[in-house]
Amino acid sequence: MLFKTLSASVYGIDAYLVEVEVDVGSARMQDFNVVVLPDNAVKESRERIKSALRNCGFEFPHGQGVTINLAPADVRKEGSAFDLPMALGLAGCMGQFFGKVLDKCMFLGELSLDGSVRPVRGALSAALAAKEFGLKALAVPEANAREAAVVDGVDVFALKSLPQAVDWVNSPESFTPVRVDAKQMLSEAAQYSVDLRDVHGQQAAKRALEVACAGGHNILFIGPPGAGKTMLAKRIPTILPPMSLEEAIETTRIHSVAGTLEDSRGLVGTRPFRSPHHTISDAGLIGGGAVPRPGEVSLGHNGVLFLDELPEFQRNVLEVMRQPLDFD
């Protein structure tokens, strides 16, 4: 029997739709195969799904071959967010959904062995992808719900466990979608722990900061250790203009994909301040890799990138900064 669910995978900071096809048949080989370029986290989902289904009281198709295909086939899949849609696909194959078709719903979530749903990266990007493809509902872990609900036009549902996900599929009308006020979230999140007013003296340096922030210029601090260079740099975000909602969503997408977003906040409301160590690699600074990941330059987007002890950085690392610093 074949059952299909929908999920999403992140490439860079953008998400694309993934169709999860689960086939349970009377194959001679009693295998559980996940095909189409899966990484280790996806391959290991087999054991998590088996334990979660068993511990939640659902039937697993013993004695039959299980094949799960993640389409499109030509893009590498990574992460644990496919656990939930794959488990639901198996539940659908075993007749848990009474003939329902899940062609307008997207699912994300990592499963623990007891069936609880754990948070994943890139929920906001997935919500934007769901809206783009015209999906009506997005089911995510409870910890990711506020983040995903920022996107208008898609009903976001918070899930705590695999049995709750099955109940939602069978009776979606009994669940209430998560609603948030994005502007209020932004206002609550726009709280800095430091402020430039804390600095006494240093009038010339503070004036230089104000000029640099007003004109969007780079600034170079030179001085002996203990002069207050780092202290002043950490307070630059506090004198920048407040973040707009568009900037906050853009910044949140990056930090969500990188896994640096606080679950309780749901939205980045303060301008980022990133201060990488001088031993960082060029890929760590600028981003990239076989599966693209945001680097420190991207994580500092709409905020401040502070390179402390600049002469200590490797030459090839500084060279990759040429293009990001070229505003002409």
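**Exercise 1. Work out how strand 8 is covered and which strands pair with it.**

Start with burial: strand 8 (residues 137-141) is mostly covered, with five of its five residues buried. Keep in mind as you go that this is a predicted model.

Next, look at one partner. Strand 5 (residues 105-107) is joined to strand 8 by three bridges, and the two run parallel. To find your place on screen, pick Phe107, whose bridge partner in strand 8 is Ala139.

Now take another partner. Strand 9 (residues 155-159) pairs with strand 8 through five bridges, again in the parallel sense. Here the marker pair is Ala137 opposite Asp155 of strand 9.

**Exercise 2. Trace the pairing from strand 1 to strand 2, then from strand 2 to strand 4, and say which way the strands run.**

Step one is the hairpin. Strand 1 (residues 2-11) and strand 2 (residues 14-25) run antiparallel and are joined by 10 bridges. Just two residues sit between them, and Gly12 in that turn has a positive phi of about 75°. For a pair to click on, try Phe3, which stands opposite Val22 in strand 2.

Step two moves to strand 4 (residues 65-71). Strand 2 and strand 4 run antiparallel, with seven bridges between them, and Glu21 stands opposite Asn69 of strand 4.

Step three adds strand 3 (residues 32-35), which pairs with strand 4 in the parallel sense over four bridges. Phe32 has Val66 as its bridge partner in strand 4.

To finish, check the cover on strand 4: five of its seven residues are buried, and the strand is mostly covered.

**Exercise 3. Find the largest nonpolar core and say which helix gives it the largest share.**

Begin with the count. The largest nonpolar core has 40 residues, and those with the most contacts inside it are Ile68, Leu90, Phe107, Leu162 and Trp168. Its largest share, seven residues, comes from helix 3 (residues 83-93).

Now zoom in on Ile68. Once you set aside neighbours within four places in sequence, its contacts are Val20, Glu21, Val22, Phe32, Asn33, Val34, Val35 and Met86.

There is also a second, separate core of 21 residues, with Ala15, Leu135, Ala149 and Val156 among its members. As background, nonpolar side chains in soluble globular proteins tend to be buried together.

**Exercise 4. Is helix 3 enclosed or open, and why?**

Count the buried residues: 11 of the 11 in helix 3 are buried, so the rest of the structure largely encloses this helix. Buried glycines are in there too, including Gly89 and Gly92, alongside residues such as Asp83, Met86 and Cys93.

Then look at what comes next along the chain. Just after helix 3, Gly95 takes a positive phi of about 80°.

**Exercise 5. How do helix 4 and helix 10 pack, and which residues make the contact?**

Take the geometry to begin with. Helix 4 (residues 123-132) and helix 10 (residues 245-258) pack at an angle of about 120°, and their axes are 7 Å apart. Since 65 to 115 degrees would count as roughly perpendicular and over 145 as roughly antiparallel, the two helices are therefore oblique to each other.

Now for the residues. Helix 4 contributes Ala123, Leu124, Ser125 and Leu128, while helix 10 contributes Ile249, Thr252, Arg253, Ser256 and Val257. Sorted by class, the contact has five nonpolar, three polar and one charged residues.

**Exercise 6. Which backbone angles stand out in the loops, and where do they lie?**

A word of background before the examples: most residues other than glycine have a negative phi, and most peptide bonds are trans.

- The peptide bond from Ala71 to Pro72 is cis, with omega near 15°. Pro72 lies in the loop between strand 4 and helix 3.
- Asn302 isn't a glycine, yet has a positive phi of about 65°. The loop holding Asn302 runs between helix 12 (296-299) and strand 11 (304-305).
- Glu309, also not a glycine, has a positive phi near 55°. You'll find Glu309 in the loop between strand 11 and helix 13 (315-319).

As a last step, check the accessibility of the two positive-phi residues. Asn302 has a relative accessible area of 17%, so it is buried. Glu309, at 49% relative accessibility, counts as partly exposed, because the exposed class starts over 50%.

Technical notes: Residues numbered from 1 in each chain as written. Predicted model: local features only at pLDDT ≥ 70, side-chain atom pairs only at ≥ 80, totals over all residues. Heavy atoms only, no water. Axes fitted to C-alpha atoms, helices over the stretch in contact; angles between N-to-C directions. Parallel < 35°, antiparallel > 145°, perpendicular 65-115°, else oblique. Contact = heavy atoms within 4.5 Å. Nonpolar A, V, L, I, M, F, W, Y, C, P; charged D, E, K, R; others polar. Core = buried A, V, L, I, M, F, W, Y, C linked by side-chain atoms within 4.5 Å. Buried < 20%, exposed > 50% of the residue type's maximum accessible area, 1.4 Å probe, protein only. Pairing = 2+ DSSP bridges.
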